[in-house]
Amino acid sequence: MGFAHFARRIKQPRGIWVKMTFIVVLGLCFVFFWSFLSSSASSFNVQRESFDDIAEPVSSRTKSAHDVSESSKSHEKGKVESGSKSKEGKKVGGFVHKHETKRKKEHAVSHPHKKKDVPKAVVEEVVVKEVQEQVEAESDDSESNKEDGEEGTESDGNEGESDANGDANGEDSSASVDEEVEEKNEEVTANEIGKKRKRKGPVFDPKAVYIWRLCNTRSKHNYMPCIDNDGLIGRLQSYRHRERICPKKPVMCLVPLPHDGYDPPVSWPESKSKILYKNVAHPKLAAYIKKHNWVNETSEYLTFPQNQTTFNGNVLQYLEFIQEMVPDIEWGKNVRIVLDIGCSDSSFVAALLDKDVLTVTLALKDDLVDLGQVALERGFPTLVSSLASRRLPFPSGVFDTIHCAACGIHWHSHGGNLLLEMNRILRPNGYFILSTMTALTASICWNILAYKTDEASEMGVRIYQKPESNDIYELRRKKNPPLCKENENPDAAWYVPMKTCLHEIPSAIEQHGAEWPEEWPKRLETYPEWLTNKEKAIGDTDHWKAMVNKSYLTGLGIDWLHIRNVMDMTAIYGGFAASLVKQNVWVMNVVPVHSPDTLPFIYERGLFGIYHDWCEPFGTYPRSYDLLHADHLFSRLKNRCKQPASIVVEMDRLTRPGGWVVVRDKVEILEPLEEILRSLHWEIRMTYAQDKEGMLCAQKTLWRP
């Protein structure tokens, strides 16, 4: 009856208002119902837009796998109480020494085939820290206490997305979020930043019980937590993000091994020409191989014929062609650090390695074939990222050369912010090698040095050079793009939106980038005038040179013939990487975002690295590294991360089966860390402790729950 009465009222003259009210009510109900269904898929971690709220780095410009053993039977259930004490050894100085039979022993080492004492260098130097390292560790710890709990905050909005070529579809919403966070950061007063929080106790919960499970994700054995999208957006579109968005909760699951299992990777340098197919298995890789002649499937291997590349001609001819056009490039001397945009066959990277050029490939994460993983398996430096609306995690003015051959990037999109980002990270007087053409290079005053078509590769190559001074900027008729504001830190790059402006070129001797570095290898031991803590950098280099030569290369049981991909998770001045330059390895130097900004100096000495926050997963594929080195990482992260145990899970994801981790830290941290590694069925190869400091060396096994 009520409904009939309502229908009669609609037919009346004033029924139009009733109709409109009815439609509005239906619309509101629909909106409420839809938001209820999609709310669970639209919550993401808040993304940092600058260094302001996490102790912004001071800009320098302003003043093996062959011996993998099965895990112990006693750990079959995959759980352990991290506070439990080992029955194998006695507790000395608060840290359990494994494999000891007498209390008077100072240290012990074990590896699959034999026991071997650690050289005296470990006893004498493992705990003897350089003064500046102790000061920095304490200052970093206090820095982390100053943060106002921001690491645990969350937001309900999704960041902007872009297409496969880097175009941002939702850039307006992303930019608004970026501006919002920047405004909030500016509102934080110095007094609020300086407030110290009370310590929350130990880094790892001593009463925690860890029960491990496999990650249940769409990307399965290739899972990259902050890159692969398993939410609603991923189901509607591609499962790859257009921007870095991390899971709401810390990742505490283990990435499974490939479907057909995992075997020890081919050792370097043989891996340049062949790798095991099943180690990089991907659903779309087989179809890709059939269409390209630079990679072949031969039995259980993927092989890479030397004369077959994405270039029509030989890649060596291509490099010679470039140097003929611009002799000043001088591969391996004047040019040492190169960024290669886009990942294909890696022939360009391989050829430059033979010329003593260190090239890092930016594997664009929209490439679903996972060629970046193939490059890592071959032993080439690779970073998984995107070119969309945020800055790349590099400081300004550090790459000697940037190369982009047929990479298909839309450099003109959104005010040319992608090309302006290349301008930010390219060293003054640096070279930009492009196989396509863009009109924007004139507006940013890049000088075209050469333009020619290589007859062998049939590829037109343009070589641009960034100006070395600001004088040319003043001569522009149209000041577009404009110069960046003076308070804009060009080195801030962690979750910072790209800017459509030009940073001024440094001119003073105390500014990094004002002068071109010394030729390689002299630049490795050169300490520029703008480096404020020169004595500390020299001490750091000498310290790690002695440690690596006397202990790491001979005393830890590591077979360095099977080590190629290395990461230093807390690279202060790059001393650890510098001590390994004569080994057949490359080192990814990671400077945590809460630490002093030393990354420009690492590039200055002919090494490379990135900024990263270890409270989040790293941007790379599982099983990427043969060795992880962490010097006081966990003590410096105290009270920053919601669940520090997730960092250990991330270390497990990054390391290949048979790979190693070497951790130096406080005894109170190493003891529970060892128990967590044992719960993951890692083999503890060596533990050592003296007073309050210690070292732990462990090897990953093939165990999965």
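These exercises with solutions concern one predicted model. Residues are numbered from 1 along each chain as its sequence is written, and side-chain values use heavy atoms, with hydrogens and water left out. In this predicted model, local features need pLDDT of at least 70 and side-chain atom pairs count only at pLDDT 80 or more, while totals for chains, interfaces and linings use all residues.

**Exercise 1.** Determine whether the faces of strand β12 are covered or open.

Solution. Helices (H or I, at least four residues) and strands (E, at least two) are DSSP runs, numbered from the N terminus. Strand β12 spans residues 358–364. In a regular strand the side chains alternate between the two faces of the sheet. On one side of β12 are Leu358, Val360, Leu362 and Leu364; on the other are Thr359, Thr361 and Ala363. Each of these is buried, where buried means under 20% relative accessible area, exposed over 50%, and partly exposed in between (1.4 Å probe, protein chains only). Both faces of β12 are therefore covered.

**Exercise 2.** Find which strands pair with β12, and in what sense.

Solution. Two strands pair if DSSP finds at least two bridges between them. Strand β11 (residues 337–341) is parallel to β12, with five bridges; here Asp340 has Thr361 as its bridge partner. Strand β13 (residues 382–385) is also parallel to β12, with four bridges, and Val384 of β13 stands opposite Ala363.

**Exercise 3.** Locate Arg390 and state what its side chain reaches.

Solution. Arg390 sits in the loop between β13 and β14 (399–404). Its relative accessible area is 5%, so Arg390 is buried. The side chain of Arg390 reaches the backbone oxygen of Arg244 at 3.4 Å.

**Exercise 4.** Give the handedness of the Cys226–Cys246 and Cys615–Cys641 disulfides, and say where the cysteines lie.

Solution. A disulfide is a pair of cysteine sulfur atoms within 2.5 Å, and the count by this rule is four.

- Cys226 and Cys246 are joined with an S to S distance of 2.0 Å. The torsion about their S-S bond is about 105 degrees, so this disulfide is right-handed. Cys226 lies in the loop between β7 and α7 and Cys246 in the loop between α7 and β8, so the pair ties together parts 20 residues apart in sequence.
- Cys615 and Cys641 have sulfur atoms 2.0 Å apart. Their torsion is about -80 degrees, so this disulfide is left-handed. Cys615 lies in the loop between β20 (609–612) and β21 (625–631), and Cys641 in the loop between α18 (633–636) and α19 (645–654).

Methods. Polar contact = N/O pair within 3.5 Å; in protein donor to acceptor, adjacent residues only side chain to side chain.
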